[in-house]
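Student: Please take a close look at the charged side-chain pairs. Then go on to the strands and the packing, and keep it plain.

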Amino acid sequence: MSDDDQRLRRWRLMLGESAEESTGGLGQPGDSRMDAALAALYDSSGPTKGRRRSAGLGASAPSVARWLGDIRTYFPSTVVQVMQKDAIDRLGLAQLLLEPELLDAVEPDVHLVGTLLSLNQVMPEASKATARMVVGKVVREVEERIAQKTKAAVTGALNRAARTSNPKLRDIDWDRTIRANLSHYLPEYRTVVPERLVGYGRKSKSVQRDVVLAIDQSGSMASSVVYASVFGAVLASMQALKTSLVVFDTAVVDLTDKLSDPVDVLFGTQLGGGTDINRAIAYSQSLISRPAESMFVLISDLYEGGIRNEMLRRMAAMKNSGVQVVVLLALSDDGAPSFDHDNAAALSALGIPAFACTPDKFPELLAVALERGDVSAWADQLTLEQH
């Protein structure tokens, strides 16, 4: 098939049967099944002008399972994930995910995990084991993506933070010492006379930093809940950190004791409902016993259902006590989030940066914050890179 014919074929598949006069028909093996799978989700049964598009998957689990099998056969996994999400959003198929045989047929991804977690309270026992397997697969994929990078970033940041200007001989960082004293090079002796030694303090087995993650579990934050839970589990596995994780809506739930298994953390959440950020901050304050060695990360879209002024007062008090405070409007790959711009601006005025961050950039953010670097400047640079 020529490049032009291939291009017309793709346009025909994308636009549907009504475009055949312009693009020609479909002739490749499997094209009719691929076209039917797309039509079931995206084609309407009549004119679409002025009305919501409808589709024809039907309401039975077997027919949806067959459709899921077809799209996995004819499309790459990245496209399958988009189509699954569209099927759930457009056709209201979330309830069918309660069927074990349907869960076996889906392509697991972060968005699907969010949907399953939102159904957690109504999920029959017969489906829960399969749902845990689906969630577990996604968690493992996320861990493989972020764990090594996160541990390396945090370890490096803590080592740099422990650097001393009066090291013992065995702790001198000779490379950094030489670079720091190049201005004291003596040509006649062809040597550097160090006036300032640079080295690392002896590695301590004690906890060097306390990290508190507070995660908004409103429905719009589903992807962020997944990523933040996995990050929390990775951080909790590091001896140099004391990590606490709480989730909140109008109530606060401390899931720190579940951090050994991020799947347990996720099934401890309850997506949806209202939001009381102030209450979550108040609880988080009670977990911080040494402010100068603590980092507080609030992951929320900042739509506050509680007492706004009290929320801002608590955040200011936490920052002024020495806590490194960061607000993430989203921790996901979902693009620009919806958030309360007034609350974000109010926090910024307090010197507390509020911005969205992708999972791939979060380890770098952790490193900057743990070193007590300029998080606002880092966030500004991130925004420039994203645009």
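Tutor: A salt bridge is counted when a side-chain nitrogen of Lys or Arg lies within 4 Å of a carboxyl oxygen of Asp or Glu. The model is predicted, and by this criterion it holds 11 salt bridges. Side chains of opposite charge can pair when their charged atoms come close.

Start with Lys-128, which forms a salt bridge with Glu-125; their closest N and O atoms are 3.6 Å apart, inside the 4 Å limit. Both residues belong to helix H8 and sit three residues apart, which puts about one helical turn between them. Lys-128 has a relative accessible area of 27%, so it is partly exposed. Glu-125, at 62%, counts as exposed.

A pair with a similar layout occurs in helix H13. Arg-313 and Glu-310 are three residues apart there, about one turn of the helix, and their side chains meet in a salt bridge with an N to O distance of 2.8 Å. Arg-313 is partly exposed at 45% relative accessible area, and Glu-310 is partly exposed at 23%.

Arg-209 and Glu-293 also meet through their side chains, at 2.9 Å from N to O. Arg-209 lies in strand E5 and Glu-293 in the loop between helix H12 (277-286) and E8, so this salt bridge ties together parts that are 84 residues apart in sequence. Arg-209 is buried, with a relative accessible area of 13%, whereas Glu-293 is partly exposed at 29%. Elsewhere, Arg-145, Asp-333 and Asp-360 are linked in a network of salt bridges.

The loop that holds Glu-293 runs up to E8, which leads to the strands. Strand E8 (residues 294-299) is parallel to E9, and five bridges join the two. Val-297 has Val-326 of E9 as its bridge partner. Between these strands in the β-α-β unit comes helix H13 (residues 308-320), and the unit formed by E8, H13 and E9 is right-handed. Helix H13 is the one that carries the Arg-313 and Glu-310 pair.

On to the next strand: E9 and strand E10 (residues 354-357) are joined by four bridges and run parallel. Here Val-327 is partnered with Ala-354 of E10. The chain passes from E9 through helix H14 (residues 341-349) to E10, again as a right-handed β-α-β crossover. How enclosed is strand E9? Eight of its eight residues, 324-331, are buried, so the rest of the structure largely encloses it.

Helix H13 also contains Leu-312. Its relative accessible area is 13%, below the 20% cut-off, so Leu-312 counts as buried. Apart from residues up to four places away in sequence, Leu-312 touches Ala-346, Leu-347 and Leu-350. Its C-alpha atom is separated by 9.7 Å from that of Ile-281, 31 residues away along the chain.

Now the nonpolar packing. In soluble globular proteins, nonpolar side chains tend to be buried together. The largest nonpolar core has 86 residues, and the members that touch the most others are Trp-67, Leu-97, Leu-328, Phe-355 and Leu-365. Helix H8 (residues 125-161) supplies the largest share of this core, 12 residues. A second, separate core of 24 residues includes Met-311, Val-323, Phe-339 and Leu-347. Back in the largest core, Leu-97 has contacts beyond four places in sequence, among them Ile-88, Leu-103, Val-106 and Leu-116.

Two aromatic pairs are present in the structure. In one, the ring centres of Phe-231 and Phe-362 are 4.6 Å apart and the planes lie at 65 degrees, so the pair is edge-to-face. Phe-231 is in helix H10 and Phe-362 in helix H15 (residues 362-370), so the pair ties together parts 131 residues apart in sequence. Phe-231 and Phe-362 are both buried.

Finally, Ser-218 lies in the loop between strand E5 (209-216) and helix H10 (222-236). Its relative accessibility is 7%, so Ser-218 counts as buried. Leaving out residues up to four places away, Ser-218 touches Leu-271, Gly-272, Gly-273, Thr-275 and Asp-301.

Technical notes:
Residues are numbered from 1 along each chain as its sequence is written. This is a predicted model: local features need pLDDT of at least 70, side-chain atom pairs count only at pLDDT 80 or more; totals for chains, interfaces and linings use all residues. Side-chain values use heavy atoms; hydrogens and water are left out. A nonpolar core is a set of buried Ala, Val, Leu, Ile, Met, Phe, Trp, Tyr and Cys residues joined through side-chain atoms within 4.5 Å. Buried means under 20% relative accessible area, exposed over 50%, partly exposed in between (1.4 Å probe, protein chains only). Contact means heavy atoms within 4.5 Å. Rings of Phe, Tyr and Trp (its six-membered ring) pair if their centres lie within 6.5 Å; planes under 30 degrees apart count as stacked, over 60 as edge-to-face and the rest as tilted. Two strands pair if DSSP finds at least two bridges between them. A crossover is right-handed if, with the strands pointing away from the viewer, the path from the first strand over the helix to the second runs clockwise.
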